[in-house]
Amino acid sequence: MASNFHLSETEINKQRHYMSLVRAFTDKPRYVYIKTFGCQQNEADSERLCGMAEEMGYQRTFDPAVADMILVNTCAVREHAELKALSITGGYKKYKEKKPDMILGVCGCMVAQEHRKDDIKNKYPYIDILLGATLIHRFPEIVYTTLCNGGRNFWIDNELSVIAEELPVKREAGAAAAWVSVMYGCNNFCTYCIVPYVRGRERSRDPQKILSEIRALISDGVREITLLGQNVNSYGKDLDRNYDFSDLLRDICAIPGECVIHFMTSHPKDAGHKLIDVMAENPAQKGKVGIACRLHLPLQAGNDRVLKAMNRHYDFDKYMSLITYAKEKMPDIALTTDIIVGFPGETEEEFLDTLNALKAVEYDNIFSFIYSKRKGTPAAEMADQVPDSVKQNRMKRLLDLQNEISRTKNAKYVGKTVRALVEGISKTDSSRLTGRTEQNKIVHFEGPTSLTGSYVSIEVTSAEAHALYGNIKK
Ligand code: 5AD
Ligand code: SF4
């Protein structure tokens, strides 16, 4: 049931050949620095860029000043992310001035947009490589050409239909958590979203390849795996067999070993009872591969007219009935969502429907975004763009309400024991460790750093909107 989108053997061999040519360029140690913006898919793409760079003789560094190659992996979902990536790229100019041979590359979704090409050519003439999100498999070829030409190799034409999994990936050695892409691209064309234009059509990886990758990760000691896709519930539609995301989850849970499986992102129009049933039948537990008791289900807006204008293909009642079913089957399920405020034409009454939706669902957490106009999407051309001040005001009210709901939901954990994977020293208090529960809750507690990467049981003593606090259970 192979997908048609896998790279051909010829193309893989070609890129492998370029990797060996680049490796032979010099014997001196070389370093690559990668700055990643945006979603988990971009993190996963950076791991592949890093894997290929390593094959080409570049070791990863976390100091851009010593790098022989700097890559900025960009996001295009909102303007803010683009501006940040451009400003950081501008800051790397100083390294290029000191070390003219250094290769500066900008990759990912931002540079997959045709209109950015001239922009960048004019304003950032010192950038050597532009490599759109669906072109990363040609990274070896472009590095080789750039080295041969002494820099300045613009390349923007996007190919929207390949899967590059045969090329190397560099994961953090000994890491307890890993990303695994199950599909790429999106066919949904929500009217506000740039993703389908920059990441191309949906293409599912071969299930056997996914299963063997997961088997290998589990036997290497990986304890948490997040399955990635822009719309994982569409998984399998392009395969030549009746096999969907729930079937894939069921097969993953039959793998021997111990691991917690997370997945994102789900689309409410495609997620159904079958998904919830598989989750409920395969809970995460000691000694087994199971699914985390959490669901990220982007609602975007609580009003049906707005949902229609967004081209989301569900109404709030349909969404809510799936949530109700999930809560019935898994009373402890943690629910999260994405919300956009200030979509063109959104009225105060329509926004109130979104606030009411938050109260009805009782999310554990939300990811909220102020609508950002994306060139080339239908919503950017819609009349009645909402003024900035109104968007800001709605965002504040949304966050205030959600903080209250999150605090109430987290308070229910006080007095209970939770199992958490220890991530390391807390970023906000160096005397504490931070862990994450299967519900994706952050827990702070005291303990030795040697616990990093293992599971601990924590008795929760207090809770805030965004974190739990407690003690290791003896
Ligand atoms: N403006 C604001 N938020 C957006 N998102 C996608 N496109 C836009 C946009 N133009 C949000 C959606 C999506 C999340 C990843 O980003 O909520 O689910
Ligand atoms: Fe964008 Fe909609 Fe696809 Fe998600 S489902 S990536 S919001 S177009």
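The following paragraphs lead through a predicted model, from its ligand shells to its ring contacts, a few buried sites and some backbone details.

Because the model is predicted, local features are reported at pLDDT of at least 70 and side-chain atom pairs at pLDDT 80 or more, while totals for chains, interfaces and linings use all residues. Residues are numbered from 1 along each chain as its sequence is written, chains are lettered from A and ligands numbered from 1 in the order in which they are written, and side-chain values use heavy atoms, with hydrogens and water left out.

The ligands offer a starting point. A residue counts as near a molecule if one of its heavy atoms lies within 4 Å of it, and by that criterion ligand 1 is surrounded by Val77, Arg78, Tyr192, Gln300, Asp338, Ile340, Phe369, Ile370, Tyr371, Ser372 and Arg374. Some of these residues also come within polar-contact distance, where a polar contact is a pair of N or O atoms within 3.5 Å (within protein, one must be able to donate a hydrogen and the other to accept it, and residues adjacent in sequence count only if both atoms are side-chain atoms). A polar side-chain atom of aspartate 338 lies 2.6 Å from an oxygen atom of ligand 1, and an N or O atom in the side chain of arginine 78 is 3.0 Å from an oxygen atom of this ligand. Serine 372 contributes through its backbone, with an N or O atom placed 2.8 Å from a nitrogen atom of ligand 1.

Glutamine 300, which belongs to the shell of ligand 1, has a positive phi of about 75° although it is not a glycine. It is placed in the loop between β12 (294-296) and α11 (304-309), where helices (H or I, at least four residues) and strands (E, at least two) are DSSP runs numbered from the N terminus. With 7% relative accessibility glutamine 300 counts as buried, the classes being buried under 20% relative accessible area, exposed over 50% and partly exposed in between (1.4 Å probe, protein chains only). Asparagine 311, in the loop between α11 and α12 (316-329), likewise is not a glycine but has a positive phi, of about 65°, and asparagine 311 is partly exposed at 26%.

Around ligand 2 stand Cys186, Asn188, Phe189, Cys190, Tyr192, Cys193, Val195, Pro196, Gln230, His267 and Arg312. This shell divides into 7 nonpolar, 3 polar and 1 charged residues, with Ala, Val, Leu, Ile, Met, Phe, Trp, Tyr, Cys and Pro taken as nonpolar, Asp, Glu, Lys and Arg as charged, and the others, Gly among them, as polar.

Which residues are linked by ring pairs into a cluster? They are Tyr18, Phe25 and Tyr144, and the structure as a whole holds 12 aromatic pairs. Rings of Phe, Tyr and Trp (its six-membered ring) pair if their centres lie within 6.5 Å, with planes under 30 degrees apart called stacked, over 60 edge-to-face and the rest tilted. Phenylalanine 25 and tyrosine 144 form an edge-to-face pair, 6.2 Å centre to centre with 75° between the planes. Because phenylalanine 25 lies in the loop between α1 (9-23) and β1 (30-36) and tyrosine 144 in helix α6 (residues 139-149), this pair ties together parts that are 119 residues apart in sequence. Phenylalanine 25 is partly exposed at 40%, and tyrosine 144 is partly exposed at 23%.

Helix α1 also holds glutamine 15, which is buried at 0% relative accessibility. Its side chain makes a polar contact of 2.8 Å with the side chain of glutamate 141. Setting aside residues up to four places away in sequence, glutamine 15 touches His137, Arg138, Pro140, Glu141 and Leu167, contact meaning heavy atoms within 4.5 Å.

Helix α9 (residues 245-253) is mostly covered, with 7 of its 9 residues buried, and its cover includes α8 (207-219), β9 (224-228), β10, α10 and β11. Aspartate 244 caps the N-terminal end of α9, with a side-chain oxygen 3.1 Å from the backbone nitrogen of serine 246.

Finally, the peptide bond from methionine 264 to threonine 265 is cis, with omega near 5°, and threonine 265 lies in the loop between β10 (259-264) and α10.
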